[in-house]
Structures are given as structure tokens and as C-alpha cells.
Amino acid sequence: APAMGIVYAPAAGRLYVGAADDGAWAANVTDGAIGTREPIAVRAPGEAVDVVASKSHRTPETDAYIGQYPVGELVSAGSSLKFCLVADARADLYPRMGPTMQWDTAAGDAVLRAAGGKVVTTEGAPFRYGPNGEAGVAAFRNPWFIAAGAMDLKT
């Protein structure tokens with residue numbers, strides 16, 4: 001599991017940091033200066049679940065998974081930023097049933113876990129990092145996963 005992650009979203013001017021032992025925080029960044037650190041934590045969803053998902057890489061399987069929930073907002077964002085939106089209580093769920101690599105997800109995953117969230121495989125198993133037995137770069141391909149805040153997941 002990732003122990004620490006830092007994600008900077010320059011277009012939003014927002015920095016996210018999470019460490020397994022220290023929790024998670026975010027700060028606005030203006031003209032290269034990091035503002036006040038604000039602790040962040042996942043939220044419990046309301047009646048509707050706010051979802052972040054890829055617009056360009058969404059699969060029929062992802063859409064079918066999302067369809068199991070009463071969806072409020074459906075927002076598109078970059079891979080690491082999706083984890084951070086859940087960590088920052090701006091969304092509840094990020095399902096990914098499509099290809100990603102460990103370097104695309106580890107930092108955002110660390111922020112989410114430090115904020116009280118979780119990441120599991122689509123079978124509900126803990127999401128793990130490290131070589132997966134394949135050769136070369138493929139050894140660091142992720143399985144499909146579901147990232148979430150404080151909610152019960154359907155697997």
C-alpha cells in the first residue's frame with residue numbers, strides 16, 4: 001500500500017498531501033506559494049452518490065457499476081485528481097474498470113487512504129502495489145479498482 005502521496009493540480013491551484021501515519025491535507029497554491037494547510041477527510045454520502053470517472057477512458061463495465069447507485073453529480077478529472085476529490089469530500093466514488101498503471105494511481109491512492117477512504121479490487125480484495133507477475137512494464141499494470149469514501153461498496 002502506498003505510504004505517502006502528493007498530488008498537485010495546477011489548473012485548480014490545489015495541492016493534496018496524504019501520509020499513512022499523519023492524515024491528509026490540502027492547500028491552495030497561488031503564484032507558487034502554498035497557502036494554509038486544511039485537513040481533509042472523506043464524507044459519508046447522502047441519498048445520491050457523487051461519482052468521479054474518466055470521460056475519455058470510461059468503459060461499459062464502469063458505466064454498469066456506476067448504474068448500481070443513485071448518482072448525484074458525475075464529474076470527469078485526471079486519474080490522481082479523482083482520488084483527491086473523494087479524499088477532499090467533493091465526491092464519494094471513483095470506479096475504474098479500465099487500464100491504469102501503478103504510477104498513475106499510487107500518489108492519489110495514498111492521499112485517499114490517509115483521508116479515511118479505501119481502494120479495493122472489483123472483487124472487494126485489498127488493492128496492492130508491486131510487480132504482478134507479468135514481464136516488463138506490464139508488471140506494474142493495475143487491476144480494475146473501486147476507490148471510495150465512507151460508503152458501502154457493491155462488488
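**Briefing: salt bridges, helix 3, strand 8 and unusual phi values**

A network of salt bridges links Arg-14, Glu-38, Asp-88 and Arg-90. The model is predicted. Across the whole structure, a search finds eight salt bridges. Other points covered below are a kink in helix 3, the pairing of strand 8 with strand 10 and a nonpolar surface patch that includes Phe-140.

**Salt bridges**

- Side chains of opposite charge can pair when their charged atoms come close.
- Within the network, Arg-14 and Glu-38 form a salt bridge whose closest N and O atoms are 3.3 Å apart. Arg-14 belongs to strand 2 (residues 14-19) and Glu-38 to strand 5 (residues 38-40), so this pair ties together parts that are 24 residues apart in sequence.
- Arg-14 has a relative accessibility of 6% and therefore counts as buried, the limit being under 20%. Its partner Glu-38 is partly exposed, with a relative accessible area of 32%.
- Arg-43 and Asp-50 form another salt bridge, with 2.7 Å between the closest N and O atoms. Arg-43 counts as partly exposed because its relative accessibility is 24%, whereas Asp-50, at 15%, counts as buried.
- A salt bridge also joins the side chains of Arg-58 and Asp-63, at 2.5 Å from N to O. Arg-58 is partly exposed at 35% relative accessibility, and Asp-63 is partly exposed with a relative accessible area of 37%.

**Helix 3**

- Helix 3 covers residues 102-114, 13 residues in total. From its first C-alpha to its last it reaches 18 Å, close to the 18 Å expected at 1.5 Å a residue.
- The helix has a kink of about 25 degrees, centred on Gly-108. Gly-108 is also one of the buried residues of helix 3.
- The other buried residues of this helix are Gln-102, Thr-105, Asp-109, Ala-110, Val-111, Leu-112 and Ala-114.
- Gly-116, just after helix 3, has a positive phi of about 100 degrees.

**Nonpolar surface patch**

- Trp-103, Val-137 and Phe-140 make up a nonpolar patch on the surface. Together they have about 330 Å² of accessible area.
- Phe-140 sits in the loop between strand 9 (118-121) and strand 10 (145-148). Its relative accessibility is 32%, so Phe-140 counts as partly exposed.

**Strand 8 and its partner**

- In a regular strand the side chains alternate between the two faces of the sheet.
- In strand 8 (residues 93-96), Leu-93 and Pro-95 point one way, while Tyr-94 and Arg-96 point the other way. All four are buried.
- Strand 8 and strand 10 run antiparallel and are joined by four bridges. Opposite Tyr-94, in strand 10, stands Ala-147.

**Positive phi outside glycine**

- Most residues other than glycine have a negative phi.
- Asp-31 has a positive phi, near 50 degrees. This residue is found in the loop between strand 3 (23-30) and strand 4 (33-34). Asp-31 counts as exposed because its relative accessibility is 82%, and the cut-off for exposed is over 50%.
- Ala-89 is not a glycine either, and its phi is positive at about 60 degrees. Ala-89 lies in the loop between helix 2 (79-87) and strand 8. With 27% relative accessibility, Ala-89 counts as partly exposed.

Technical notes:
Residues are numbered from 1 along each chain as its sequence is written. This is a predicted model: local features need pLDDT of at least 70, side-chain atom pairs count only at pLDDT 80 or more; totals for chains, interfaces and linings use all residues. Side-chain values use heavy atoms; hydrogens and water are left out. Helices (H or I, at least four residues) and strands (E, at least two) are DSSP runs, numbered from the N terminus. The expected span of a helix is 1.5 Å times one less than its number of residues. The bend at a residue is the angle between axes fitted to the seven residues ending there and the seven starting there. Buried means under 20% relative accessible area, exposed over 50%, partly exposed in between (1.4 Å probe, protein chains only). Patches are made of residues with over 30% relative accessible area and no salt bridge: like charges are joined within 9 Å, nonpolar side chains (Val, Leu, Ile, Met, Phe, Trp, Tyr) within 5 Å. Accessible areas come from the Shrake-Rupley method with a 1.4 Å probe; for residues, only the protein chains shown count as cover. A salt bridge is a side-chain nitrogen of Lys or Arg within 4 Å of a carboxyl oxygen of Asp or Glu. Two strands pair if DSSP finds at least two bridges between them.
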